[in-house]
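Student: Could you take me through one part of this structure up close? I'd like a single connected story rather than a list.

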Amino acid sequence: MKNLYLLALFVLLTILFCTGCQGKGRNEDNRDGLDSTKISQTKIKPAINVYIENSGSMDGYIKGVTEFEQTVYNYLSDILISHTIDSLNLFYINSEVKPCNLALEDFIQKLEPTTFRQYGGNRGASDIANVLGIVLEKNGKNQISILITDGIFSPGRREDAEQYLISQQIGIKRRFANYLEKNKDAAVIVYQLSSNFNGIYYNKVDAKIIINEQRPYYIWIIGEAKQVSELRKQVPDSKFIDTGVQNIFTAIAGNHSVKYAVIPSSGKFKPSRRDAHTIEDLKKDSRTGKVKFAINADFSDLLLDDTYLLDANNYENSSKYHLDIKPSVTKNNGYSHILTFSSDKVYQGTVSVKLKVKLPAWIEVVNDDEGSAAVKGKTYGIKYQIGGVFDAFTFNNNYYTEIKVSIK
């Protein structure tokens, strides 16, 4: 009996020892006992890589203290102040990338044509497709790229300008399509801004035109959609100083799921107890003679401004109900917009509304197809650049999101 007792005690102590060792191993693998779910939920701050194009066509924006410099300095300073990023890395770019190991203030102070020339590269021709390709190749996980450029194509004297523009659009489409294959949640914002330009404007055949006037330039933001959205929330469009943002283009992979729900008090009906997307017993309101219902929707992660979201022409409405879109004033429960449907009679079935992906009208307005002179407010070939991005993002989907409401 004594031997059996000792054997049982030995087995028990062995089990307790092994259990303790296993528990210790789990803690060590879990970073000293931190909850793995909490680790996974921690927000990873992205690194920001800023590329300023230093082609010869950019020199006129940086002579002395300019609106261009002040706007860029203020925007990048706001990004630093927001404390939402890991680091801010500065580069020059044209045919190649040149790191600039300076603090932001020194970087801005040294923005002069002599510095642009010092950092070199091919400053005589602007291959925008190649520039964007370099930026995309270097844009790794948890990184946001910011490209600052005048966006002007410079084919050079030996190129057929018209064919060059088409080739550039195809090249941009291909590069962004490749980027999307590896980064399915990618997003792009293109801001058009304006600054005084005092210098030489190079036309499509590199002829020199001396000008001193306001010229557009562009800031591209490229990265993972949620990180780009967070950056924009922390440093909103209204933060841009001087002339401010004049136009915006956004691209985000299509067919996104958004949060939406029927507003119970928006008409004569019974909201479904089981489904926030279903309406039962819809009736005409005797006071107004109209059938009406509304839904709350959250479009905040789609990176679209209200100029786009409030335009009913940007929606594909499958029903006979008239659609009206308004911003949500109270932002209750995280919803950004209210979609109201109305008609003279009840139509049962599924109401489907798709938010279409469309090129904004401003792109055609500011595009210069000729490229022979500096046309005020216009950029030679800008529609081909943005068109290439648009083609890549809409290759498989031509709508941002779809909302469905069942009428029973």
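Tutor: Let's fix one term before we start: contact here means heavy atoms within 4.5 Å. Also keep in mind that this is a predicted model.

With that in hand, let's zoom in on Phe 176. Skipping the neighbours within four places in sequence, Phe 176 has contacts with Leu 132, Leu 136, Val 188, Trp 220, Ile 222, Val 389, Ala 392 and Phe 393. Now put that into the wider picture: the largest nonpolar core has 113 residues, and Tyr 75 and Phe 176 are the ones that touch the most other members. The element that gives the most to this core is strand β5, residues 186-202, with 9 residues. As a general backdrop, nonpolar side chains tend to be buried together in soluble globular proteins.

Two of those partners, Leu 132 and Leu 136, take us to helix α6. This helix spans residues 128-138 and is mostly covered, with 8 of its 11 residues buried. Leu 132 and Leu 136 are both on the buried list, along with Ile 128, Ala 129, Val 131, Gly 133, Ile 134 and Val 135.

If you want something to set beside the core, try the open sheet of 4 strands, ordered β8-β11-β14-β13 with antiparallel pairing. Its edges are β8 (260-262) and β13 (322-327), each pairing on one side only. On average, neighbouring strands in this sheet are turned by 25° against each other, ignoring direction. At the β13 end, β13 pairs with β14 (residues 337-343) over 6 bridges, in the antiparallel sense. Down at residue level, Asp 324 sits opposite Thr 340 in β14.

Terms used
Residues are numbered from 1 along each chain as its sequence is written. This is a predicted model: local features need pLDDT of at least 70, side-chain atom pairs count only at pLDDT 80 or more; totals for chains, interfaces and linings use all residues. Side-chain values use heavy atoms; hydrogens and water are left out. Buried means under 20% relative accessible area, exposed over 50%, partly exposed in between (1.4 Å probe, protein chains only). Helices (H or I, at least four residues) and strands (E, at least two) are DSSP runs, numbered from the N terminus. A nonpolar core is a set of buried Ala, Val, Leu, Ile, Met, Phe, Trp, Tyr and Cys residues joined through side-chain atoms within 4.5 Å. Two strands pair if DSSP finds at least two bridges between them. Axes are lines fitted to C-alpha atoms, for helices over the stretch in contact, and angles run from 0 to 180 degrees between N-to-C directions.
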